[in-house]
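Below are some brief notes on the model, set out as numbered points. Please read them alongside the coordinates.

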Amino acid sequence: MKAVRISGYNEPLVLEDVDIPQPGPSEVLVRVHAAALNPLDFKLQRGYMHAFFPLTFPYTIGTDYAGVVEKTGSLSSHWRVGDRVVVGSQATQGGAIAEFAIADSSNLVRLPDSISFADAAGIPVAAGTAWQALFEMANLSKGQTVLIHAGAGGVGSFAIQFARQVGARVIATASGSGLEIVRKLGADQVIDYKSQDFQGMVSDVDVVLDTIGGETQQKSYGVLRTGGSLLATSAPPDEALAKAHKVSATFVFHEPVASRLSKIVRKVEDGSAKVLVDCQQNLADFQAAFDHQASGRAKGKIILAIA
Ligand SMILES: NC(=O)c1ccc[n+]([C@@H]2O[C@H](COP(=O)([O-])OP(=O)(O)OC[C@H]3O[C@@H](n4cnc5c(N)ncnc54)[C@H](OP(=O)(O)O)[C@@H]3O)[C@@H](O)[C@H]2O)c1
């Protein structure tokens with residue numbers, strides 16, 4: 001099979017011919033139809049995440065994919081050959097950008113016929129992180145206000161939709177074509193981060209979803225109400241600043257949990273959330289897709305069509 005692998009940190013991505021892996025007793029072999037990239041992938045490749053996610057090489061890039069069950073292990077009787085599935089694998093396991101991938105059978109989520117493989121592949125990390133941050137960590141609820149940075153990004157685009165769904169008021173930052181995108185996703189107030197300073201425009205926010213870090217995060221503490229929550233996905237929060245502003249600040253450490261992914265898949269199935277797709281590329285164009293993800297300019301998910 002073909003797989004996009006690296007042989008070490010900072011080593012180039014190579015599309016290689018390798019043996020099809022065989023599932024262990026509690027595993028399933030999935031024929032991958034589509035995979036999606038995340039910033040996590042280039043951070044892993046560059047070794048930035050070494051302390052959290054030490055990789056074993058060769059490492060097949062990608063955690064998010066959708067496809068069809070090809071073969072089941074002896075203890076994976078819950079799954080049948082031909083089942084449509086979506087998977088968010090552990091960062092250290094990767095394996096998505098390949099024609100076949102091994103998944104732990106407890107990590108598969110059934111994919112309804114109405115959701116394309118391409119859309120499904122775009123769900124796991126981005127939507128899972130938005131959900132985990134807003135509902136499992138910040139307990140965002142009806143009537144509250146949330147500031148979502150990078151609303152046109154993978155995480156932000158899901159966060160806007162999820163927050164609107166529970167009846168929260170959504171303020172989102174974006175720029176260029178992202179401004180219209182976040183409006184259409186449901187943001188009540190849109191701030192052009194390149195020409196406007198959100199610090200002077202927003203106050204008494206209940207929750208900030210900070211997907212940027214740096215100056216954006218520093219300024220975000222001051223727009224929260226006393227007791228508000230900052231959830232950071234990119235850079236660890238500054239505890240001293242949080243204390244000074246009497247707010248809580250927590251780093252989001254996304255965990256791929258099948259029960260959460262399953263809930264989100266149902267939201268996409270019933271039309272209450274959609275997957276914002278930046279572009280879809282063929283497997284042969286993996287390098288351009290990877291570079292685009294690493295540029296930080298994607299508007300939604302970058303999908304690789306694999307079969
Ligand atoms: N800790 C975790 O478990 C976890 C999980 C998921 C993601 N993350 C991290 O969270 C971050 C976001 O992930 P993602 O998948 O959403 O990234 P992404 O899809 O690559 O985000 C790209 C978007 O960010 C926007 N952007 C860039 N700088 C901005 C700024 N200063 N203000 C507002 N928008 C800005 C870009 O808009 P323009 O093109 O208009 O600039 C672009 O639309 C990444 O650092 C990722 O590694 C962490």
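1. Strand E14 covers residues 248-251 and includes Phe 251; strands (E, at least two residues) and helices (H or I, at least four) are DSSP runs numbered from the N terminus. This is a predicted model, in which local features need pLDDT of at least 70, side-chain atom pairs count only at pLDDT 80 or more, and totals for chains, interfaces and linings use all residues. Residues are numbered from 1 along each chain as its sequence is written, and side-chain values use heavy atoms, with hydrogens and water left out.

2. Phe 251 counts as partly exposed because its relative accessibility is 30% (buried is under 20%, exposed over 50%, partly exposed in between; 1.4 Å probe, protein chains only).

3. On the surface, Phe 251 joins Phe 52 and Phe 253 in a nonpolar patch, and together they have about 280 Å² of accessible area. Patch members have over 30% relative accessible area and no salt bridge, with nonpolar side chains (Val, Leu, Ile, Met, Phe, Trp, Tyr) joined within 5 Å and like charges within 9 Å. A salt bridge is a Lys or Arg side-chain nitrogen within 4 Å of an Asp or Glu carboxyl oxygen. Areas are Shrake-Rupley values with a 1.4 Å probe, only the protein chains shown counting as cover.

4. There are 2 cavities of 30 Å³ or more, and the largest holds about 80 Å³ of space. Its lining has 13 residues, with Pro 124, His 254, Pro 256, Val 257 and Leu 261 closest to the centre. Helix H8 gives the most to this lining, with 4 residues. A cavity is a set of points on a 1 Å grid over the protein atoms alone where a 1.4 Å probe fits but cannot get out; lining residues have an atom within 4 Å of a point.

How values were computed. 1 Å grid on protein atoms, 1.4 Å probe; cavity = no way out; pocket = protein on both sides within 12 Å on 5 of 7 lines; lining within 4 Å. Points joined across faces, edges and corners; volume = space filled by probe spheres on them.
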